[in-house]
Amino acid sequence: SLSRYLNKNTFVFQLAVPGLPHHMDSAMTWSGNKRTYFFKDGEYWRFDDGWFELEKGYPRSIAAIWMKC
């Protein structure tokens, strides 16, 4: 899965994906929607695993979306 790849190759992956910042705090793949979420400094980006691209409209606030603050 993409998550396993990222654990070993995060830097290489970040170079290959324009718009994704370096030194992410965390990442997770949600198998329910086939998206990988990247987290850094209170924001997150959503990556479409099928199209291998970041989705438009990101980054978004973790607090506003994930925690409903």
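## Salt bridges, ring pairs and a surface patch

At 9% relative accessibility, Asp48 counts as buried. The model that shows this residue is predicted. Asp48 has a salt-bridge partner in Arg35, with 3.6 Å between the closest N and O atoms. Because Asp48 belongs to strand 3 (residues 43–48) and Arg35 to strand 2 (residues 35–40), the pair ties together parts that are 13 residues apart in sequence. Arg35 itself is partly exposed, its relative accessible area being 21%.

**Overall layout**

The protein has 69 residues, of which 29% count as buried. It contains 2 helices and 5 strands, and from the N terminus on the order of these elements is α-β-β-β-β-β-α. Of the contacts between residues at least 6 apart in sequence, 22% join residues at least 24 apart. The accessible surface comes to about 4800 Å², and carbon and sulfur atoms account for 56% of that area.

**The charged network**

In the whole structure, 3 salt bridges are found. The table lists them.

| Pair | Closest N to O distance |
|---|---|
| Asp48 and Arg35 | 3.6 Å |
| Glu55 and Arg35 | 2.3 Å |
| Arg46 and Glu55 | 2.6 Å |

Glu55 is placed in the loop between strand 4 (53–54) and strand 5 (60–61). Is this residue buried or exposed? With a relative accessibility of 17%, Glu55 counts as buried, since the cut-off for that class is under 20%. Apart from neighbours within four places in sequence, Glu55 is in contact with Arg35, Arg46 and Asp48. The side chains of Glu55 and Arg35 are also joined by a polar contact of 2.3 Å, and a polar contact of 2.6 Å links the side chain of Glu55 to that of Arg46.

The salt bridge between Glu55 and Arg35 measures 2.3 Å from N to O. Glu55 lies in the loop between strand 4 and strand 5 and Arg35 in strand 2, so this pair ties together parts that are 20 residues apart in sequence. Arg46, the other salt-bridge partner of Glu55, is partly exposed at a relative accessible area of 23%. Through shared partners, the salt bridges join Arg35, Arg46, Asp48 and Glu55 into one network.

**Aromatic rings**

The count of aromatic pairs comes to 6. One of them is formed by Trp30 and Tyr37, a tilted pair with 6.3 Å from centre to centre and 40° between the planes. Trp30 is partly exposed at 44% relative accessibility, whereas Tyr37 is buried at 4%. Phe38 and Phe47 make an edge-to-face pair, with 6.3 Å between the centres and 85° between the planes. Phe38 is buried, with a relative accessible area of 2%, and Phe47 is buried at 0%. Ring pairs also link Trp30, Tyr37, Phe39, Tyr44 and Tyr58 into a cluster.

**The nonpolar patch**

Which residues form the nonpolar patch on the surface? Met28, Trp30, Ile65, Trp66 and Met67 do, and together they have about 490 Å² of accessible area. Trp30 thus appears both in this patch and in the ring cluster. Trp66 is located in the segment after helix 2 (62–65). With a relative accessible area of 36%, Trp66 is partly exposed.

How values were computed:
Residues are numbered from 1 along each chain as its sequence is written. This is a predicted model: local features need pLDDT of at least 70, side-chain atom pairs count only at pLDDT 80 or more; totals for chains, interfaces and linings use all residues. Side-chain values use heavy atoms; hydrogens and water are left out. Patches are made of residues with over 30% relative accessible area and no salt bridge: like charges are joined within 9 Å, nonpolar side chains (Val, Leu, Ile, Met, Phe, Trp, Tyr) within 5 Å. Accessible areas come from the Shrake-Rupley method with a 1.4 Å probe; for residues, only the protein chains shown count as cover. A salt bridge is a side-chain nitrogen of Lys or Arg within 4 Å of a carboxyl oxygen of Asp or Glu. Helices (H or I, at least four residues) and strands (E, at least two) are DSSP runs, numbered from the N terminus. Buried means under 20% relative accessible area, exposed over 50%, partly exposed in between (1.4 Å probe, protein chains only). A polar contact is a pair of N or O atoms within 3.5 Å; within protein, one must be able to donate a hydrogen and the other to accept it, and residues adjacent in sequence count only if both atoms are side-chain atoms. Contact means heavy atoms within 4.5 Å. Rings of Phe, Tyr and Trp (its six-membered ring) pair if their centres lie within 6.5 Å; planes under 30 degrees apart count as stacked, over 60 as edge-to-face and the rest as tilted.
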